[in-house]
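Reader: I have a new model open and would like to understand the words used to describe it. Could you take me through them?

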Amino acid sequence: MPSPHRIALLFNANKVYDRHVLTGIGQYLTSTRVEWDLFMEEDFRSRTVGIHHWRGDGIIADFDDPVVGETLCGMPLPVVAVGGSYADPANYPAGIPYVATDNARLVRLAYDHLIDQGLQRFAFYGLPPTPGNRWAMEREQAFLDMTRADRLEGLVFRGSPTSAGGWGVAQEAIADWVRALPKPIGIIAVTDARARHLLQACIVADVPVPAEIAVVGIDNDPMAQLLSRIPLTSVIQGAEEMGHTAARLLHQMLHGGRPAQQRIIVPPKGINVQASSRHVPMNNPHVMRALHHIRQYACLGIKTDQVADYVGVSRTLLEEHFKRELKLTVHQAILQHKLQTAQQMLANADVPLADVAVRSGFTSLQYMYAVFRRELGCTPRQFAEAVQAGEDVPGVAEPLTVPKRASL
């Protein structure tokens, strides 16, 4: 048997985007039974150190890092680049096959989604310009091009780099920006990490999401979802397809082939729509503030009186507003949010039912069973089995922003 090719993968596995690219590479190897001896640097900060002395057969690398691109240009062995797309073709490396995420289409998907929510004002939360953030600048420019084409003002805020020491000041700056924005408004964040910063700042600024600010991120990062009180809408990059394509190109090159295309632009897979962007205009500011509080704290066991205290009105007055605006009581809205949260968690077979009950705010597993039977006509276990099997789900609770039932 011939020896397997020795391939270096120069990526930052701390980033969800890079991990998805690596997953796509692994999927290609599994599906084709190609055997590669893979090298990955344990510390991504030293991934280019000594690479010119590495005795290997090929490299797949993240060219969003300019140091990587500069180091690998002119290498005598096959190299495939992975990174962001560029409006100016001169920004691509010469003579190296390049697999790119389509930055313009990522932003377009987020922008069109916010338009579909009925919004007419738009902003972009990006990153400070650095050599390693060229992809972020491309997304920012794509946003500005889209708003300009629609004769709208596109507002941009880049904020500060993330650091523990400066986070308090940086968060207050985001909160100040959020307070000053015209509302309602839709904001596209350049990544899910920045979107999570934005959601935190909205809490600090006491600005309701999505009633006044609707937020969309990019990456569909499970960690951002896990760490956010309000579920985050996010554009799903085609990163796994990028990794699969890059591995296929390198495989061809290792066997003497030449790529038919020097640049391959991979579109996004879609958008995962969650509560952060489900904007529905509301006439009543008390209801808007109450729903903002419920989305954050319903699963922590808040009661109607606590919601009324947050809004600053009596319980009786708040109930009247809810019945007029939503055809729901405040208690029903709280319970509906708990039910939605439980439904989302039941899609994951690894989460025990008892944990679902606790984390979604039900006082006991028995109570969660009773609510599911009453509202959906099934048990939580039956609901989970249907979702995990890809079957039709027996009655999904509507989002709080679009209530259609008053029987909870």
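Reader: What share of the contacts in the protein with a separation of 6 or more comes from residues 24 or more positions apart?

Author: Happy to help! In this predicted model, such residues account for 68% of those contacts. A contact here means heavy atoms within 4.5 Å.

Reader: What makes the protein as compact as a globular protein of its length?

Author: The protein has 15 helices and 12 strands. Its radius of gyration is 24 Å, and the globule rule gives 22 Å for 408 residues; the two are close, so the protein is as compact as a globular protein of that length. The C-alpha trace spans about 75 × 50 × 40 Å along the principal axes.

Reader: How many of the residues, as a percentage, are buried?

Author: With buried meaning under 20% relative accessible area, the figure is 51% of the 408 residues.

Reader: How do you know that E1 and E3 pair, and in which sense?

Author: Pairing requires at least two bridges. Strand E1 (residues 5-10) and strand E3 (residues 58-62) have four, so they pair, in the parallel sense. Ala8 stands opposite Ile59 in E3.

Reader: Why are E2 and E11 said to stand at the edges of their sheet?

Author: The open sheet has six strands in the order E2-E1-E3-E4-E5-E11, with parallel pairing. Strand E2 (36-39) and strand E11 (263-266) each have a single partner strand, so one side of each is left without a neighbour in the sheet. Neighbouring strands in this sheet are turned by 20 degrees against each other on average, direction ignored.

Reader: Which helix lies across these strands?

Author: That is helix H8 (residues 239-254), which runs at about 160 degrees to E4.

Technical notes:
Residues numbered from 1 in each chain as written. Predicted model: local features only at pLDDT ≥ 70, side-chain atom pairs only at ≥ 80, totals over all residues. Heavy atoms only, no water. Helix = DSSP H or I, 4+ residues; strand = E, 2+ residues; numbered from the N terminus. Axes fitted to C-alpha atoms, helices over the stretch in contact; angles between N-to-C directions. Rg over C-alpha atoms; globule rule 2.2 N^0.38 Å. Buried < 20%, exposed > 50% of the residue type's maximum accessible area, 1.4 Å probe, protein only.
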